[in-house]
Amino acid sequence: ANLIALAEQNPKLEFTDCLEAAFAEAKKRSVNGGAVQQNQAAILALGYVLGHSSIRSFVGPGLPIPASEARQALRRVTLRNRRDWVQHYTVSAALQVLSNALASMDVGLLKEELDADGGSGFSFGDLLADRAGTMLAVRATESEESAKAWQDRFQNGIAVSDLMPEGADLPEGLSDQEFQNRFGGVGGEGYKRLLMEIDRRVESCPAYKSQ
């Protein structure tokens, strides 16, 4: 509800505005403890309003539905000038909360494989956003101490570069055949090398590196 209200008040909402607002609410609600649980709630809220409405089916009925103006503002939010990366990032973070880090990364990979088979194509850039979102959820909920530290981090302001590395140079739009030929498919040596590079970039982000 707070994120929807924020979108109603600010039609030029930024990605970091949403994260800062969600974690500010988590901080307020966990003054007497429960920072991990409240950070999980913040991440699920972000996954719902910025990622995909299907998160609703995991969380349960009764969630507020954004009106037209708020929905349009939320749809304009980008991550490194990419709307689809907002969705990949926040949905992967929400999936980590709902399951675990490995499952979230596997779901992201499965989505990319489906894209390659007649969809928009396999995107290593999307995979970068998936893994960065998963990393946020892991770091922000792994312990009570870590959860509180992340609340403070967002309260002090955070930059996109702290959370999401550059990915404009990563291959995208690969058909299944191109993916097989260039990278050997999932498990191929070329794929493994690029996946290691993606993980290196994510782990090098200031917000994750300092944990």
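**Exercise 1.** In this predicted model, determine the handedness of the crossing of H3 and H6, and describe how the two helices pack.

*Solution.*
Step 1. The crossing of H3 and H6 is left-handed.
Step 2. The helices span residues 35-51 (H3) and 83-98 (H6); their packing angle is about 145°, and their axes lie 8 Å apart.
Step 3. On the H3 side, the contact includes Gln40, Ile43, Leu44 and Gly47, and on the H6 side Arg83, Val86, Thr90 and Val97 are among the residues met.
Step 4. Sorted by class, the contact of H3 with H6 comprises 10 nonpolar, five polar and one charged residues.

**Exercise 2.** Classify the aromatic pair of Phe122 and Phe124, and state whether Phe122 is buried or exposed.

*Solution.*
Step 1. The structure holds 11 aromatic pairs.
Step 2. In the pair Phe122 and Phe124, the ring centres are 4.9 Å apart and the planes stand at 65°. Planes over 60 degrees apart count as edge-to-face, so this pair is edge-to-face.
Step 3. Phe122 has a relative accessible area of 0% and is buried; Phe124 is also buried, at 0%.
Step 4. Phe122 and Phe124 belong to one aromatic cluster with Phe179, Phe183 and Tyr191.

**Exercise 3.** Describe the surroundings of Trp150 in helix H9.

*Solution.*
Step 1. H9 covers residues 144-155 and contains both Trp150 and Phe154, four residues apart, about one turn of the helix.
Step 2. Their rings form a tilted pair, with 5.7 Å from centre to centre and 45° between the planes.
Step 3. Trp150 is buried at 0% relative accessible area, and Phe154 is buried at 2%.
Step 4. The charged end of Arg153 sits over the Trp150 ring, 5.2 Å from its centre.

Note on methods. Residues numbered from 1 in each chain as written. Predicted model: local features only at pLDDT ≥ 70, side-chain atom pairs only at ≥ 80, totals over all residues. Heavy atoms only, no water. Axes fitted to C-alpha atoms, helices over the stretch in contact; angles between N-to-C directions. Left-handed = near helix turned anticlockwise from the far one by under 90°. Contact = heavy atoms within 4.5 Å. Nonpolar A, V, L, I, M, F, W, Y, C, P; charged D, E, K, R; others polar. Phe/Tyr/Trp six-rings, centres within 6.5 Å; stacked < 30°, edge-to-face > 60°. Buried < 20%, exposed > 50% of the residue type's maximum accessible area, 1.4 Å probe, protein only. Lys NZ or Arg CZ within 6 Å of the ring centre and 35° of its normal.
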